[in-house]
Amino acid sequence: MTDAPLNILAVVGSLHRGSVTRVVIAHVTKRLRAEGCKVDVLDFEDEPLALYNPDTAHDRPGYAELQARVERSDVIILGTPDYHGGISGAMKNFLDHFWHEFAGKLFATIVASHEKGLTVIDQLRTVARQCYAWTLPYGVSFTEDVDVNGQKIVNDAFKERLEMLIRDARVYGAVLARQRRADLAATEPGFLARHREGNG
Ligand SMILES: Cc1cc2nc3c(=O)[nH]c(=O)nc-3n(C[C@H](O)[C@H](O)[C@H](O)COP(=O)(O)O)c2cc1C
């Protein structure tokens with residue numbers, strides 16, 4: 001029996017109309033679809049997300065639908081610009097809306113930065129840890145490698161690094177998704193025990 005296609009949520013963490021992050025997420029999306037993955041793109045420029053307010057967020061129109069999209073995903077690709085050495089407000093706002101939905105899933109991180117984006121990648125790793133998510137053991141950052149007008153990547157070395165991320169997100173994402181499903185259906189202890197139905 002073959003596994004169902006991997007569900008990937010690809011998040012554009014920039015609201016900038018001429019965003020380089022968006023171009024890279026579009027490239028990764030296209031490649032992952034060509035590899036048989038189902039990719040859902042979440043772009044807050046098209047789908048604005050109100051600032052997270054714990055008192056009202058869950059009752060807002062559109063929240064249940066967004067939650068279902070996050071819930072459905074096996075892998076979450078997070079693309080963000082480096083803002084002051086940290087993640088963008090749009091990305092932070094998205095992440096603030098969820099935690100339970102991230103548990104046991106794989107995050108893959110891509111950062112637009114002039115400074116390697118290491119502190120940004122570390123912030124995303126911290127969020128993953130807090131939410132019991134996995135991350136790839138590396139992040140990918142880039143700077144002058146994108147032609148926004150042509151909507152394409154213009155540096156082969158960067159494309160190659162993205163190929164590594166695309167392959168690893170797909171392969172490790174599938175391994176972790178399989179184990180996550182098994183753990184949610186099991187009765188053994190483990191970090192996913194608290195996420196089993198009825199234990200939330
Ligand atoms: C508010 C703000 C803060 C920024 N801070 C940094 C920074 O600390 N380090 C850096 O390398 N780039 C910084 N940048 C530049 C962006 O990371 C860079 O332009 C990135 O390519 C933008 O990605 P986007 O086109 O997808 O929005 C900053 C840009 C803005 C608007």
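Here are some questions and answers about the strands at the centre of this discussion, all taken from a predicted model.

User: How many residues of strand 4 are buried?
Analyst: Happy to start there. Strand 4 spans residues 106–112 and is mostly covered. Buried here means under 20% relative accessible area. By that cut-off, the count for strand 4 is seven of its seven residues.

User: Which residues of strand 4 point the opposite way from Leu-106, Ala-108, Ile-110 and Ala-112?
Analyst: In a regular strand the side chains alternate between the two faces of the sheet. In strand 4, Leu-106, Ala-108, Ile-110 and Ala-112 point one way, and they are buried. The residues pointing the other way are buried too, and they are Phe-107, Thr-109 and Val-111.

User: Why is strand 3 largely enclosed by the rest of the structure?
Analyst: Good one to check face by face. On one side of strand 3, Val-75, Ile-77, Gly-79 and Pro-81 are buried. On the other side, Ile-76, Leu-78 and Thr-80 are buried as well. Strand 3 is therefore largely enclosed, because the buried residues number seven of the seven.

User: How many bridges join strand 3 to strand 4, and which residue of strand 4 stands opposite Gly-79?
Analyst: Strand 3 (residues 75–81) and strand 4 run parallel, and seven bridges join them. One of the pairings links Ile-76 to its bridge partner Phe-107 in strand 4. As for Gly-79, the residue opposite in strand 4 is Ile-110.

User: Which residue of strand 3 is the bridge partner of Val-11?
Analyst: This takes us to strand 1, residues 7–12. Strand 1 and strand 3 run parallel and are joined by five bridges. Within strand 3, the bridge partner of Val-11 is Leu-78.

User: What is the handedness of the β-α-β unit made by strand 3, helix 3 and strand 4?
Analyst: Helix 3 covers residues 89–96, and it forms a β-α-β unit with strand 3 and strand 4. That unit is right-handed.

User: Through which helix does the chain cross from strand 4 to strand 5?
Analyst: Strand 4 and strand 5 (residues 134–135) run parallel, with two bridges joining them. Leu-106 has Trp-134 as its bridge partner in strand 5. The β-α-β crossover between these strands is right-handed, and it passes through residues 118–130, which form helix 4.

User: Which residue of strand 6 stands opposite Ala-112?
Analyst: Strand 6 (residues 140–142) pairs with strand 4 in the parallel sense. Three bridges make up that pairing. Opposite Ala-112, the strand 6 residue is Phe-142.

How values were computed:
Residues numbered from 1 in each chain as written. Predicted model: local features only at pLDDT ≥ 70, side-chain atom pairs only at ≥ 80, totals over all residues. Heavy atoms only, no water. Buried < 20%, exposed > 50% of the residue type's maximum accessible area, 1.4 Å probe, protein only. Helix = DSSP H or I, 4+ residues; strand = E, 2+ residues; numbered from the N terminus. Pairing = 2+ DSSP bridges. Right-handed = clockwise from strand over helix to strand, strands pointing away.
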